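Biologist: Please show me the model, and then we can go through how the two chains meet.

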Amino acid sequence: MENLSSKYGKTLNLDKLTSYCPGCGHGTVTRLVAEAIENLGIMERTVSIVGIGCGGFSHHYMDIDAIEATHGRSPSFAIGYKLARPDNIVFTYAGDGDTCAIGLGDLLHAANKGMPITTIMVNNTVFGMTGGQMSPTTLEGQVTTTTAGGRQVPHQGYPLLVPEMMRAMPGVKYLARESVATPKAVRKAKKSIQKAFECQIKGLGYAFVEIIVPCPTGLKMKVKDSYARCGNEMTDYFKPQVFKDETEQNDVA
Amino acid sequence: MAQETLFLKNTEAFAESLARCGVKYHFAYPITPATDVMKRMAVILPQYGGEMMQMESELAVSSALAGAACTGKLVATSSSGPGLTLMHEAIGFMCAAELPCLMIDSMRVGPGDGDILGAQSDYYVATRGGAHGDYHTIVLAPSSGQEIADIVPQGIRLAYKYRTPVLFVIDGVSAQTTESTTLPDYNDYSAEFDTTDWAFTGTQDHPKRALITGSYTHQDGFDMNEKLRAKYATIRENEQMWEQDQVEDAELVVAAFGIHGRMCRDLVSKMRAEGKKVGFIRPISLWPFPERAFTALPDSVKNILVVEMNHGQMIDDVRLSVNGRMPVHFLGKTGGDMPMNTLAEMIAEANRILGE
C-alpha cells in the first residue's frame with residue numbers, strides 16, 4: 001500500500017476505515033484538526049479528549065493519545081488534564097449535543113477559566129449518533145425525530161449561539177465559527193483551527209472554534225442537498241466569523 | 001514538611017495527610033462539612049508544587065479529577081453526600097477506565113438536601129455505588145485523626161496497585177472533631193508505582209493510547225467487565241481491613257465503623273469490667289467488607305449488635321457475612337440535635353440483648 005504519510009503527515013491515520021457516514025462533515029473537520037497538529041509539530045505531546053456521539057470517533061483517525069470522556073464533560077476533563085500536564089497540548093472534540101446540550105455548563109466554565117485549552121465543536125444541528133433528535137442548535141422549524149412538526153420556538157427553545165455566549169469572556173483568546181460548506185469555507189476553517197491550537201501553544205488562554213457541518217444521515221438528505229443547506233440555512237443563522245483573535249499577543253508560555 | 005504533631009480538625013488532618021503523601025492536585029466545590037479540606041488544600045498545596053482547583057459543581061470536580069488522573073499523577077477530591085451524589089458519573093467512569101484517585105466523603109444527613117450534621121448515611125452509596133454498571137469503589141473508614149494520617153498511604157497504594165478510585169468516608173462529627181494527630185514526613189507514595197505503562201501522556205512516551213470505556217464491539221464490553229470482575233475478586237480476597245477486640249469468648253459482638261467503632265473500645269472495656277462477655281468488630285474497609293472477621297466468629301457469639309449513624313445500612317453486609325448463623329440487631333439514628341446514639345444508649349441496648 002502506498003505510504004501516504006509523506007503527503008498527509010503522520011498525525012492523520014489513513015489506515016483506519018472511517019466510521020463517519022458518507023458526506024458527514026466530521027471527516028473534513030477531523031482532517032483539518034490532524035493537519036493543524038501536524039503543521040504545528042505538536043503531535044507527540046497532543047492529547048485528544050473526545051465527547052460522546054459521532055465526534056467520539058475522531059481520535060481513531062489520529063495517531064495521538066486520546067481520552068473518551070463522559071458525555072459533555074470533555075472541557076472539565078481537559079481542565080484537570082492541563083493542570084496536571086501543562087506542557088501537553090489538550091483539545092476537546094465533540095458535536096453540538098455533547099458540547100452545548102449536556103455539556104454547556106462544563107464548556108462555559110472552562111472557557112471562563114481561560115486556561116489554555118482548545119475546543120472544537122462540530123455543529124450539525126442534530127443528535128447524529130442516536131438517530132437525528134433535536135439538539136440545542138436545531139434550527140427553527142427543523143424536523144427531527146423529536147420535533148416531528150419542526151422545532152417550535154419559543155417552547156422548544158431557540159437555536160443556541162454558543163460562541164456568542166463566550167464573546168464577553170476575557171479568558172477566551174481565540175473565538176471563531178467556521179463551516180465546511182464550500183472549499184473556500186474549508187480553507188478558512190483550516191486557518192481558524194490552526195490558530196486555536198497556536199493560542200494554546202503560546203499559553204494565551206482558551207480557544208474555541210465552532211464548525212458548521214452537514215449530517216446527511218441525521219437530516220435524511222442527499223449529500224449534495226445537505227451541503228447546500230449547510231451553506232445556506234445553517235450559515236445564514238450560524239454566521240461564520242472570527243469573533244476574537246488575540247493570538248498575536250506576546251507568548252506567555 | 002517534616003513529621004509533626006498538630007492539634008487540628010480531622011478535615012484538616014485529611015488535607016495535611018494527602019499533601020504530605022504526594023497529592024499534587026485537588027479538585028473540590030464548597031460543601032459542609034467537607035469545605036475545610038479544600039480550604040486547607042488551597043493554602044498548603046502550592047507549598048508542595050501543587051494546586052487546589054475549585055470547580056463550578058461536583059460534576060465538574062469529578063470530571064476534572066478523571067482528566068487529571070489520566071496523566072498518572074496523584075489527584076484527590078473532597079465532598080459530602082450531595083456532592084458525592086453528583087460525582088458518581090465520573091466515579092463509575094474512573095472505575096471502568098481504571099484510573100487511580102483519592103476521594104473523601106465527609107458524611108452528613110440525607111437524603112435530599114438533608115442536614116449539615118454528621119451522619120453515616122452514605123454507606124450504601126459509597127459501597128454499592130451510585131453509578132450504573134458492575135463496579136466497586138474501595139471504601140476506607142478511618143475513625144480518628146491519627147488513623148487518617150496512617151491510612152492515607154495505604155489508600156494511595158491501593159489506588160495505584162489496583163488502578164481504581166479509593167474513597168475515604170468519615171462521619172461529619174469525626175470530620176469536625178479537633179484532636180492531636182502526628183502527621184508524617186513528606187513522601188510521595190504514588191512514586192512507588194510506575195504509571196508509564198498506562199498513563200495518557202502523549203505519543204512522545206509511547207505508541208498511541210486511547211482510553212475507551214465504551215464498547216466498539218459487544219465483546220469489548222464483556223472483556224472489560226471480566227477484567228474488572230477478576231480485579232474485584234483479588235481485592236476482596238486480599239484487602240479486607242478491620243479492628244477487633246475480645247471476640248474470642250464473646251457472647252455479644254458489637255459491630256460499628258467510624259465514630260461508633262471508636263466508641264466500641266470504651267463499650268467493651270466498661271462491659272467487660274462488669275463481667276459481660278462483649279467484643280467488637282470495627283470494619284475499616286467498607287468495601288471490600290471484612291466478611292472474614294464475621295465468618296471467623298466463634299460459636300460463643302450468640303448475638304451481633306450493629307450500631308450506625310443511619311437507619312441500618314452496614315447491617316446488610318453484616319447479615320450477609322454471618323449468613324443466618326446468629327441474630328443481628330440494630331441501633332441507629334440520623335439527624336436531630338444529637339445525631340447519634342450515646343455510649344450509654346449503646347451499652348443499654350447491649351445489656352438488653354444479653355438479657356434476652
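**Strands and contact between chains**

Modeller: A:Ile67 stands opposite B:Leu211 in E10(B). This is a predicted model, where local features need pLDDT of at least 70 and side-chain atom pairs count only at pLDDT 80 or more, while totals for chains, interfaces and linings use all residues. Residues are numbered from 1 along each chain as its sequence is written, and chains are lettered from A and ligands numbered from 1 in the order in which they are written.

Biologist: In which sense do strand E2 of chain A and E10(B) pair?

Modeller: Strands are DSSP runs of E with at least two residues, helices are runs of H or I with at least four, and both are numbered from the N terminus. Two strands pair if DSSP finds at least two bridges between them. E2 of chain A covers residues 65-68, and its two bridges to E10(B) are in the sense called parallel.

Biologist: Which strands are the edge strands of the sheet?

Modeller: The open sheet has eight strands with mixed pairing, in the order E7(A)-E5(A)-E6(A)-E4(A)-E3(A)-E1(A)-E2(A)-E10(B). An edge strand pairs on one side only, and those are E7 (241-245) of chain A and E10 (210-211) of chain B.

Biologist: Which element gives the largest share of the side of chain B that touches chain A?

Modeller: Residues are in contact if their C-beta atoms, placed from the backbone, lie within 7 Å. The contact takes 33 residues from chain B and 28 residues from chain A. Elements giving two or more residues on the chain B side include helix H4 (81-97) and helix H3 (58-69). The largest share, seven residues, comes from H3(B).

Definitions and conventions:
Contact = placed C-beta atoms within 7 Å.
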